[in-house]
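This report reads a single model from its charged side chains outward to the chain as a whole. Please keep the sequence and the coordinates at hand while reading.

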Amino acid sequence: MIKRLIIPLILSILTTPSAADTVVAARTIRAQTLLLPDDLTVIEGDVPGAITTIEDAVGLEAHVMLYTGRPIAASDIGPAAIIERNQIVSLVYSRGGLSIYADARALGRAGPGDMLRVMNLTSKTTVSGVVAPDGTVRVGGPISQ
């Protein structure tokens, strides 16, 4: 008799999905705002694609408007921009042992690892490159410090 009651109970416990936490905005947050712990709160429930801990978001920048009580997806936030639109940046072409440097104007905002279109100030040619952690825009080779 006891086996009939305990076995179904154990099976229901093992097959019941555990509740996960979801991080939501504690207030409306504008795009391009650095996230602080007070900006975020955790609710119970699992939302696919949403971040699950506040530590995953603190110090990152909102890429889109984050609305109060709505889950925050990993794609909604990212590293803070280190290059602003119209900023003059160093454009670096590296291949093998050759490195060529030029000044360029940023045509958008970007953070480390982001793709950014820039205009070479000498030739007026527009190219795309990857923003390196040091703020240079790299084209034609691997990103290095």
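Aspartate 134 has a relative accessibility of 41% and therefore counts as partly exposed. In this model, which is predicted, the side chain of aspartate 134 meets that of arginine 138 in a salt bridge, with an N to O distance of 3.5 Å. Arginine 138 belongs to strand 9, which covers residues 137–139, and it is buried, because its relative accessible area of 10% falls under the 20% cut-off. The side chain of arginine 138 also makes a polar contact, at 2.9 Å, with the side chain of threonine 136.

**Other salt bridges**

The structure holds four salt bridges, and three of the pairs are set out below with their N to O distances.

| Pair | Distance | Accessibility of the acidic residue | Accessibility of the arginine |
|---|---|---|---|
| Aspartate 39 and arginine 27 | 2.9 Å | 5% | 39% |
| Arginine 109 and glutamate 61 | 3.2 Å | 6% | 28% |
| Aspartate 134 and arginine 138 | 3.5 Å | 41% | 10% |

Aspartate 39 forms its salt bridge with arginine 27; both residues lie in the loop between strand 1 and strand 2, so the pair ties together parts that are 12 residues apart in sequence. Aspartate 39 is buried, whereas arginine 27 is partly exposed.

The salt bridge between arginine 109 and glutamate 61 links distant parts of the chain, 48 residues apart, with arginine 109 in the loop between strand 6 and strand 7 and glutamate 61 in strand 3, residues 61–62. Glutamate 61 is buried, while arginine 109 counts as partly exposed. Salt bridges that share partners join Glu61, Glu84 and Arg109 into one network.

**Strand 1 and a nonpolar patch**

Aspartate 21 is placed in strand 1, residues 21–25, and is partly exposed at a relative accessible area of 37%. Leaving aside residues up to four places away in sequence, aspartate 21 touches Val42, Ile43, Glu44, Gly45, Ile51 and Thr52. One of these, isoleucine 43, is 22 residues from aspartate 21 in sequence, yet their C-alpha atoms are 5.7 Å apart.

Elsewhere, Tyr93, Leu98 and Ile100 make a nonpolar surface patch of about 260 Å². Isoleucine 100 lies in strand 6, which spans residues 98–106, and with a relative accessible area of 45% it is partly exposed.

**The chain as a whole**

The secondary structure comprises one helix and nine strands, which follow one another along the sequence in the pattern α-β-β-β-β-β-β-β-β-β. Of the 145 residues in the chain, 28% are buried, and the accessible surface comes to about 9,200 Å², with 58% of it belonging to carbon and sulfur atoms. Among the contacts with a separation of 6 or more, 42% are between residues 24 or more positions apart.

**Confidence**

The mean pLDDT of the chain is 87, and 83% of its residues reach 70 or more. Which element has the lowest mean pLDDT, and which the highest? Helix 1, residues 2–15, has the lowest at 50, and strand 7, residues 115–120, the highest at 97. Over residues 13–18 pLDDT stays under 50, and the model has zero contacts for this stretch beyond four places in sequence. Where pLDDT is low, the predicted coordinates should not be read in detail.

Definitions and conventions. Residues numbered from 1 in each chain as written. Predicted model: local features only at pLDDT ≥ 70, side-chain atom pairs only at ≥ 80, totals over all residues. Heavy atoms only, no water. Helix = DSSP H or I, 4+ residues; strand = E, 2+ residues; numbered from the N terminus. Buried < 20%, exposed > 50% of the residue type's maximum accessible area, 1.4 Å probe, protein only. Contact = heavy atoms within 4.5 Å. Polar contact = N/O pair within 3.5 Å; in protein donor to acceptor, adjacent residues only side chain to side chain. pLDDT = per-residue confidence, 0-100. Patch = residues over 30% accessible without salt bridge, like charges linked within 9 Å, V, L, I, M, F, W, Y side chains within 5 Å. Areas by Shrake-Rupley, 256 points an atom, 1.4 Å probe, with all protein chains shown as cover.
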